[in-house]
Amino acid sequence: MAQTKIIRRQKIELKMITSKAKCMVAFKKLWTSVVKEAHELYLTTGEHVAIVVYSPTGKPYAYDSSGSFDTIERFLNDAKAFAVKGGH
C-alpha cells in the first residue's frame, strides 16, 4: 500500500511592512478580500454587515451591505444611545 504525502500550508511569520508603497498595495489587496467575505456573510445569513477602515494614508474606506450606509448610521445612533444610558 503506497503512502500518500500530505501537503500542508506553512505558517508565515507576520512582519510590519515598512515601505509605504508596499503597505498600500497590501492594504488594497486585503481590503478587497475583507469586503468579499463581508458580502458573502450578508448573502448567506441575510444580516446587515458594515465595515469602516482607515488606510495607511488616513483615508476612510467603508462597506455597508445595505448599499446606503444605513447600517453604519444605525450603529452610530445605537452607540450614542448606549453611551447616554450609561452602558459599558
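**Exercise 1. The annotated span**

Task: State which residues UniProt lists for "domain: MADS-box", and describe how that span appears in this predicted model.

Solution: The unreviewed UniProt entry places "domain: MADS-box" at residues 7-67. In the predicted model, the end C-alpha atoms of residues 7-67 lie 41 Å apart, and the span is 43% helix and 16% strand. As for confidence, the protein chain averages a pLDDT of 86, with 92% of the residues scoring at least 70. Confidence is highest in H1, at a mean of 94, and lowest in helix H2 (residues 70-84), at a mean of 81.

**Exercise 2. The strand pair**

Task: Determine in which sense S1 and S2 pair, and what lies between them.

Solution: Begin with the pairing itself, in which strand S1 (residues 50-54) and strand S2 (residues 60-64) run in the antiparallel sense over five bridges. Within this arrangement, Ile51 stands opposite Tyr63 in S2. Next comes the connection: S1 and S2 form a hairpin with five residues between them, and Gly58 in the turn has a positive phi of about 95°. Ser55 also belongs to the loop between S1 and S2.

**Exercise 3. The nonpolar core**

Task: List the residues of the largest nonpolar core and find which element gives the most to this core.

Solution: The largest nonpolar core has nine residues, namely Met24, Phe27, Trp31, Val35, Ala38, Val49, Ile51, Tyr61 and Tyr63. Helix H1 (20-45) and S2 each supply at least two residues of this core, and H1 gives the most, with five residues. The contacts of one member, Ala38, show how the helix meets other parts of the core: leaving aside residues up to four places away in sequence, Ala38 touches Val49, Ile51 and Tyr63. As general background, nonpolar side chains in soluble globular proteins tend to be buried together.

**Exercise 4. Phe27 and its aromatic partners**

Task: Work out why the pair of Phe27 and Tyr61 is classed as edge-to-face, and describe the surroundings of Phe27.

Solution: A search of the whole structure finds two aromatic pairs. In the pair of Phe27 and Tyr61, the ring centres are 5.1 Å apart and the planes stand at 65°, so the pair is edge-to-face, given that planes over 60 degrees apart fall in that class. This pair links distant parts of the chain, since Phe27 is in helix H1 and Tyr61 is in strand S2, 34 residues apart. Phe27, Trp31 and Tyr61 together form one aromatic cluster.

Turning to burial, both Phe27 and Tyr61 are buried; for Phe27 the relative accessibility is 14%, against a cut-off of under 20%. Not counting residues up to four places away in sequence, Phe27 touches Val53, Tyr54, Ser55, Pro56 and Tyr61. A separation across the fold can be added to these contacts: Phe27 and Lys59, 32 residues apart in sequence, are 12 Å apart in space, C-alpha to C-alpha.

**Exercise 5. Two buried polar side chains**

Task: Decide whether Ser55 and Thr71 are buried or exposed, and name the residues that each touches.

Solution: Take Ser55 before Thr71. At 6% relative accessibility, Ser55 counts as buried, and beyond residues up to four places away in sequence, Ser55 touches Met24, Phe27 and Tyr61. Thr71, which lies in helix H2, counts as buried at 9% relative accessibility. With residues up to four places away in sequence again left out, Thr71 touches His48, Ala50, Asp64 and Ser66.

**Exercise 6. Arg8 and Phe69**

Task: Locate Arg8 and Phe69, and state how accessible each residue is.

Solution: Arg8 has its place in the segment before H1 and, at 67% relative accessibility, counts as exposed. The C-alpha atoms of Arg8 and Cys23 are separated by 28 Å, the two residues being 15 residues apart along the chain. Phe69 lies in the loop between S2 and H2 and is partly exposed, with a relative accessible area of 36%. The backbone of Phe69 also deserves a check: Phe69 has a positive phi of about 60° although it is not a glycine. For context, most residues other than glycine have a negative phi.

How values were computed:
Residues numbered from 1 in each chain as written. Predicted model: local features only at pLDDT ≥ 70, side-chain atom pairs only at ≥ 80, totals over all residues. Heavy atoms only, no water. Pairing = 2+ DSSP bridges. Helix = DSSP H or I, 4+ residues; strand = E, 2+ residues; numbered from the N terminus. UniProt positions renumbered as here; feature names shortened; annotations may be inferred. Core = buried A, V, L, I, M, F, W, Y, C linked by side-chain atoms within 4.5 Å. Buried < 20%, exposed > 50% of the residue type's maximum accessible area, 1.4 Å probe, protein only. Contact = heavy atoms within 4.5 Å. Phe/Tyr/Trp six-rings, centres within 6.5 Å; stacked < 30°, edge-to-face > 60°. pLDDT = per-residue confidence, 0-100.
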